[in-house]
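Got the viewer open? Let's take a walk through this one, picking out pieces as we go.

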Amino acid sequence: MEERFSLFRPFAEAPFFGFCGIVARSGCEYRVTIAAEMDMYPKYMPWVYIAPAIAGATADGKLCLDVGWSSDSTFVDVLGVVVLYIEGVCGAA
């Protein structure tokens, strides 16, 4: 994660862990949190929260994306899809 997305920092607050940071594209800046339950990762895809809320996110900022998750997928894979989604939304604005 540090190599591709150096502005993201790890966190751990039982029962969750993940990464949080800023994604800035095309004049838009979003605070992104990617979190997973410690006992469920990597079986299940981490959750993505984004603030301010973006088109396609719920009122609390939860963003559901199709990442094609498998047990060898990573947080980097999820964040890569988030960045592409943000670029699409900002480009459409």
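Start at the edge of the sheet: select β1 and β2, which are joined by five bridges and run antiparallel. This is a predicted model, so keep that in mind at each stop. The two strands make a hairpin, with two residues between them. For a landmark on this pair, show Arg9 as sticks and look across to Cys20 in β2, which stands opposite.

Stay on β1 a moment and select residues 9–13. How many of its five residues are buried? The count is zero, and the strand is hardly covered.

Now zoom out to the whole sheet. Five strands make it up, in the order β1-β2-β3-β4-β5, and the sheet is open, with antiparallel pairing. Why do β1 and β5 each have one side without a neighbour in the sheet? Both stand at the edges with a single partner strand apiece, so one side of each is left free of a sheet neighbour.

Next, select β3 and β4. These run antiparallel too, with five bridges joining them. Ile34 is a handy marker here: Val48 in β4 stands opposite.

Keep β4 selected and turn on side chains. In a regular strand they alternate between the two faces of the sheet. Here Val48 and Ile50 point to one face and are buried, whereas Trp47, Tyr49 and Ala51 point to the other face and are not buried.

From Tyr49, step across to β5, where Lys62 is its bridge partner. The link between β4 and β5 consists of two bridges, and the strands run antiparallel.

Last stop, the core. Hide the backbone and colour the largest nonpolar core, a set of 24 residues. Those with the most contacts inside it are Tyr30, Val32, Leu79, Val82 and Ile86. Which elements give two or more residues to this core? They are β2 (16–25), β3 (28–37), β4 (47–51) and α1 (75–92). The top contributor is α1, which gives eight residues.

To finish, centre on Leu79 and show its surroundings. Leaving aside neighbours within four places in sequence, Leu79 is in contact with Met1, Phe5, Phe8, Val23, Val32 and Ile34. You've already met two of these names on the tour: Val32 is among the core residues with the most contacts, and Ile34 stands opposite Val48.

Methods:
Residues are numbered from 1 along each chain as its sequence is written. This is a predicted model: local features need pLDDT of at least 70, side-chain atom pairs count only at pLDDT 80 or more; totals for chains, interfaces and linings use all residues. Side-chain values use heavy atoms; hydrogens and water are left out. A nonpolar core is a set of buried Ala, Val, Leu, Ile, Met, Phe, Trp, Tyr and Cys residues joined through side-chain atoms within 4.5 Å. Buried means under 20% relative accessible area, exposed over 50%, partly exposed in between (1.4 Å probe, protein chains only). Helices (H or I, at least four residues) and strands (E, at least two) are DSSP runs, numbered from the N terminus. Contact means heavy atoms within 4.5 Å. Two strands pair if DSSP finds at least two bridges between them.
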